[in-house]
Amino acid sequence: MTDRLRPRDEAELVEVVRWAVSEGRTLEVAGAGSKRTLGRHIQTDATLDLSALSGVTLYEPEELVLSARAGTPLIEIEAQLKEARQMLAFEPMDFGPLLGGPRGAGTLGGLMACNLAGPRRPSAGAARDHALGLRAVSGRGEAFKAGGRVVKNVTGYDLPRGLSGSYGTLAAYTELTIKVLPRPETAQTLLILGLDDATAAKAMSAAVGSYYDVSGAAHLPADIAARVPAVAAVGRAVTALRLEGVPPSIRHRRAKLEALLGPFGALSALEAETSELFWMAVRDVLPFADGVTKPVWRVSTAPMQGAAIGAAARNVGGTAFYDWAGGLVWIELPDAEPRAELIRAAVRASGGHATLIRASADRRAATEVFQPLDPITGALVRRMKESFDPSRVLNPGRMYAGM
């Protein structure tokens, strides 16, 4: 890539995309570039830099709605929400440390394009579930808008949700409107100590299936827990269950959970500040943010099947830990080889899908990074690409070869 094109507004973005279509050029869509190594390795003629499209354009705390341009840094949005005691409830992950970049560099457009969500995903939903409206420019060079600024605003196709997770292959966002929610007053995390992976899955299932409103459930085997300062001193595996809300409610629910989970093993707890640091480490996969490019896989499966997938990774010298009550497995392999066949065989046996999150550029170019598509889904994805970007201008091949 030799050129960097930096439109200052939507009209200039339309001109840039139309120029690319007419000249047969390809564009890598980027904001801050913090997630540019996600997906298949691609080579394009120019970088479409959206960082100038920045700034919050609407924030109505009483209506729980915020609009901002796509290049707005996420840390600016989260700081503004924090002042009003609100939050992005889906707890978006910061990929910077894991991918070898700085913390806090991501943008709103990148967040929604990759559909990022953290430990609160099972209870709060994915990023796409909080998308209300958008403005964007398609690969045809056509500006369009969809949705609005209230929750019940969709008729026909739900493009704010549909485009989320398309990794910039269909359209380039210019502005997004999202739903925000009140921030919990405080939090505590109950720990069960020393469980193996399979037993931890049972304990987490019991906790999230209870009436006690658990907002996060994760299991870190002993070797992973040792890499997380908030729990390193424990010296054993930790199974973590987060409780959020007002202090009297937390005290009541914690007592009930302790009675429910006591039979599984010894219990401990993390108070508010340490609890926050722990869940940040889980959210951002900091145990694997080790400054190397060993392959890291993200596997989504049924919660009770996660331990089997983790075992397959350990059989070849890898390590794993579990979020989403066991339904999200993070795997780091021991050397540069992604071992895609092994990982996908384990996923086929247990159900779910696997995404290669981190690997060297040559490995990402030679590996199916995303879960292979079945014929019906593949046909649908190709039709969407043809509808939004028939000339294959935007992020061509980022998700699947030829699309």
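**Nonpolar cores, helix packing and sheet**

In the predicted model, the largest nonpolar core comprises 80 residues, of which Leu220, Phe278, Trp330 and Ile331 touch the most other members. The greatest contribution to this core comes from helix H3 (residues 108–114), which supplies five residues. Leaving aside residues up to four places away in sequence, Leu220 is in contact with Ala225, Val228, Ala237, Val238, Phe278, Val282 and Phe321. A second core, separate from the largest one, consists of 16 residues, among them Val214, Leu243, Ile250 and Leu257. In soluble globular proteins, nonpolar side chains tend to be buried together.

Helix packing was examined for H6 (residues 197–208) and H8 (residues 247–261), whose axes come within 10 Å and cross at roughly 140 degrees. Helix H6 is therefore oblique to H8. The crossing of these two helices is right-handed. At the contact, Ala203, Ala206 and Ala207 of H6 meet Leu257, Leu260 and Leu261 of H8. Leu257 is also a member of the second nonpolar core.

The model further contains an open sheet of three strands, arranged in the order S1-S3-S2 with parallel pairing. Strands S1 (3–5) and S2 (27–30) lie at the edges, each with a single partner strand, so one side of each is left without a neighbour in the sheet. From one strand to the next, the twist averages 25 degrees. Four bridges link S2 to S3 (residues 46–49) in the parallel sense. Within this pairing, Val29 has Leu48 of S3 as its bridge partner.

Terms used:
Residues numbered from 1 in each chain as written. Predicted model: local features only at pLDDT ≥ 70, side-chain atom pairs only at ≥ 80, totals over all residues. Heavy atoms only, no water. Pairing = 2+ DSSP bridges. Axes fitted to C-alpha atoms, helices over the stretch in contact; angles between N-to-C directions. Core = buried A, V, L, I, M, F, W, Y, C linked by side-chain atoms within 4.5 Å. Buried < 20%, exposed > 50% of the residue type's maximum accessible area, 1.4 Å probe, protein only. Contact = heavy atoms within 4.5 Å. Parallel < 35°, antiparallel > 145°, perpendicular 65-115°, else oblique. Left-handed = near helix turned anticlockwise from the far one by under 90°.
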